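Me: Hi! Could you walk me through this one in plain words?
Reply: Happy to. Let's have it on screen and go bit by bit.

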Amino acid sequence: ARRRDQLAPRLDGTVGADARSEVQVVVDEPSRALAEHALRARASLLVMGLGRHDLGARLMGGEVTLRTVRRAAVPV
């Protein structure tokens with residue numbers, strides 16, 4: 001909840017963002033959790049960043065974003 005409150009001013013006014021939405025904690029592999037949540041929420045798109053991982057990590061699929069791209073039923 002504290003992190004949500006810190007981010008709220010940055011998210012307010014963003015299309016589709018609700019900075020005051022309920023906080024959920026999910027214990028799972030991140031890409032699986034994100035893909036399943038997008039499906040349950042009927043999301044039409046997942047927006048993620050690639051971070052600063054090196055090229056080798058990206059090519060080997062060790063990156064959460066790339067794993068999510070492979071799993072998600074919606075565009076990432």
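**A chat about the fold**

Reply: Let's begin with valine 74, which lies in the segment after α4. Keep in mind that this is a predicted model.

Me: Okay! Is valine 74 buried or exposed?
Reply: Valine 74 has a relative accessible area of 17%. Buried means under 20%, so valine 74 is buried.

Me: Which residue is 28 positions from valine 74 in sequence, and how far apart are the two in space?
Reply: That's leucine 46. The C-alpha atoms of valine 74 and leucine 46 are 7.1 Å apart.

Me: Let's zoom out. How many helices and strands are there?
Reply: The protein has four helices and zero strands. Following the sequence, the pattern reads α-α-α-α.

Me: And what share of the residues is buried?
Reply: The protein has 76 residues, and 18% of them count as buried.

Me: Can you show me another of the buried ones?
Reply: Sure, try alanine 38. You'll find alanine 38 in helix α2. Its relative accessible area is 3%, so alanine 38 is buried. Alanine 38 also pairs up for a distance check with alanine 73: they sit 35 residues apart along the chain, with 8.1 Å between their C-alpha atoms.

Me: Back to the helices. At what angle do the axes of α2 and α4 cross?
Reply: The axes cross at roughly 45° and come within 8 Å. Helix α2 covers residues 30-40, and helix α4 covers residues 64-71.

Me: What do you call that kind of arrangement?
Reply: Oblique. An angle under 35 degrees would count as roughly parallel, and 65 to 115 as roughly perpendicular. The angle here is roughly 45°, so α2 and α4 are oblique to each other.

Me: Which hand does the crossing of α2 and α4 have?
Reply: The crossing is right-handed.

Me: New topic: charges. Why would two side chains pair up at all?
Reply: Side chains of opposite charge can pair when their charged atoms come close.

Me: How many salt bridges does that give us here?
Reply: The count comes to three salt bridges. Let's take them one at a time.

Me: Go on, who is arginine 32's partner? Which residue is it?
Reply: Arginine 32 forms a salt bridge with aspartate 28, and their closest N and O atoms are 2.9 Å apart. Arginine 32 has a relative accessible area of 33%, so it counts as partly exposed. Aspartate 28 is partly exposed as well, at 32%.

Me: Which residue does arginine 67 meet?
Reply: Arginine 67 meets glutamate 29 in a salt bridge, at 3.2 Å from N to O. This pair links distant parts of the chain: arginine 67 is in helix α4, while glutamate 29 is in the loop between α1 and α2, 38 residues apart.

Me: How open are those two to the outside?
Reply: Arginine 67 is partly exposed at 33% relative accessibility. Glutamate 29 has a relative accessible area of 18%, so glutamate 29 is buried.

Me: And the remaining bridge?
Reply: Glutamate 29 turns up again. The side chains of arginine 71 and glutamate 29 form a salt bridge with 2.7 Å from N to O. Arginine 71 is in helix α4, 42 residues from glutamate 29. Through shared partners, the salt bridges join Glu29, Arg67 and Arg71 into one network.

Me: Is arginine 71 buried, exposed or partly exposed?
Reply: Arginine 71 is partly exposed, with a relative accessible area of 42%.

Me: Let's look at the outside. Which residues make the nonpolar surface patch?
Reply: Leu34, Met48, Val64, Val69 and Val76 make a patch of about 330 Å². Take Val69 from that group: valine 69 is found in helix α4, and at 42% relative accessibility it counts as partly exposed.

Me: Last one: what is special about the phi of arginine 42?
Reply: Arginine 42 has a positive phi of about 55°, although it is not a glycine. Arginine 42 is in the loop between α2 and α3. Its relative accessible area is 77%, so arginine 42 is exposed.

Conventions: Residues numbered from 1 in each chain as written. Predicted model: local features only at pLDDT ≥ 70, side-chain atom pairs only at ≥ 80, totals over all residues. Heavy atoms only, no water. Patch = residues over 30% accessible without salt bridge, like charges linked within 9 Å, V, L, I, M, F, W, Y side chains within 5 Å. Areas by Shrake-Rupley, 256 points an atom, 1.4 Å probe, with all protein chains shown as cover. Salt bridge = Lys/Arg side-chain N within 4 Å of Asp/Glu carboxyl O. Helix = DSSP H or I, 4+ residues; strand = E, 2+ residues; numbered from the N terminus. Buried < 20%, exposed > 50% of the residue type's maximum accessible area, 1.4 Å probe, protein only. Axes fitted to C-alpha atoms, helices over the stretch in contact; angles between N-to-C directions. Parallel < 35°, antiparallel > 145°, perpendicular 65-115°, else oblique. Left-handed = near helix turned anticlockwise from the far one by under 90°.
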